Amino acid sequence: MTQSFNPTALPPAFPDHTQLPESDGTFVKNFQEHPQSILLTDSLEITLQNLHPDGQYAIGQDCGIYWRETDPPEKGAEAPDWFYVPNVPPRLDGQYRRSYVLWREYIAPLIAIEFASGDGSEELDSTPLSALPSGGNQKPGKFWVYERIIRIPYYAIYKIQTSELEVYNCVNTRYHRLEPNDRGHYPIDLMGVELGVWSGSYQNQTQQWLRWWDNQGNLLLTGSERARVERLYAEQERQRADAERERADRERERADREREQKERLAAYLRSQGIDPDRI
């Protein structure tokens, strides 16, 4: 008797960043989020170059982090307003990233930041993933996903309306709220920087902004701020050089006057029959 063999069908491969939705259809909640994200990224450029001389890092802004396969797919993703992933290529196979797919890259973001337009309750939601009596699953809260599943070491929540900042650090698989240091900043030790709130003007908006400092308390500047400082230094150097040149000119004029006075005195003495060299 001949036996037929039917190989077991393999499940489909997990989708990658090109096959998953890059948006969940929601709107950015306020006009500060875009410049705020740019400010965080721009001012961190030199720090990231020092941390990653090989250029292996990625920064996401409102990009999905896929942590679970669902139907529809976007239900298995969270999209932090800003996040940084170390030691991953900025592109995948030459393509721009459309999302960050945790099951294909395995490296969790080092920090995620949420800009809360409300009171922060959505960003602090620790509802766990659980089955519903009616079928399906209870949607888990962001806090729970970041803490328990993605396990992001640092999680920051910036409440835009009140300029309040909360920073959490994952210790023994649980988030613990950090206390600010003497400067009012929160050290992000794995990056060698501090996160805090800064009052000033950026992109035509004067208000409170989330910003980085180095671990000595020096504000990390954006490219335009560095250029402005360099221009001020150059102007100060030009003014110093001008002042030095004017001082040298005055000194030369004084020396010329003294020489002329000595020559006139010597001529007078000679006219009186006196040798000035013997005086």
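This passage describes the overall make-up of a predicted model, followed by one of its pockets, its cysteines and the surroundings of one arginine.

The predicted chain contains 279 residues, of which 34% count as buried, and its secondary structure is made up of five helices and 16 strands. When contacts between residues at least 6 apart in sequence are considered, 57% of them join residues that are at least 24 apart.

The second largest pocket of the model encloses about 210 Å³ of space. Its lining is formed by Ala58, Ile59, Gly60, Cys63, Phe83, Val85, Pro90, Arg91, Tyr96, Arg97, Ser99 and Tyr100. Two strands, E1 (57-60) and E4 (82-86), each contribute at least two residues to the lining of this pocket, and it is E1 that provides the largest share, with three residues. Sorted by class, the lining of the second largest pocket comprises eight nonpolar residues, together with two polar and two charged ones.

Cys63, which belongs to the lining of the second largest pocket, has a relative accessibility of 26%, and because this value falls between the limits of 20% for buried and 50% for exposed residues, Cys63 counts as partly exposed. A second cysteine, Cys170, has a relative accessibility of 22%, and therefore it too counts as partly exposed. A disulfide is a covalent bond between the sulfur atoms of two cysteines. With a cut-off of 2.5 Å between cysteine sulfur atoms, the count of disulfides in the model comes to zero.

Arg174 is located in strand E13, which spans residues 174-177. The relative accessibility of Arg174 is 36%, a value that lies between the same limits of 20% and 50%, so that this residue is classed as partly exposed. When residues up to four places away in sequence are left aside, Arg174 touches Glu147, Arg148 and Asn169. One of these partners, Arg148, stands 26 residues from Arg174 along the chain, yet the C-alpha atoms of the two residues are separated by 7.4 Å. In addition, the side chain of Arg174 forms a polar contact, at 3.1 Å, with the side chain of Thr173.

Technical notes. Residues are numbered from 1 along each chain as its sequence is written. This is a predicted model: local features need pLDDT of at least 70, side-chain atom pairs count only at pLDDT 80 or more; totals for chains, interfaces and linings use all residues. Side-chain values use heavy atoms; hydrogens and water are left out. On a 1 Å grid over the protein atoms alone, a cavity is a set of points where a 1.4 Å probe fits but cannot get out, and a pocket is an open set with protein on both sides within 12 Å along at least five of seven lines; lining residues have an atom within 4 Å of a point. Grid points are joined across faces, edges and corners, and a volume is the space filled by probe spheres set on the points. Helices (H or I, at least four residues) and strands (E, at least two) are DSSP runs, numbered from the N terminus. Ala, Val, Leu, Ile, Met, Phe, Trp, Tyr, Cys and Pro count as nonpolar, Asp, Glu, Lys and Arg as charged, and the others, Gly among them, as polar. Buried means under 20% relative accessible area, exposed over 50%, partly exposed in between (1.4 Å probe, protein chains only). Contact means heavy atoms within 4.5 Å. A polar contact is a pair of N or O atoms within 3.5 Å; within protein, one must be able to donate a hydrogen and the other to accept it, and residues adjacent in sequence count only if both atoms are side-chain atoms.
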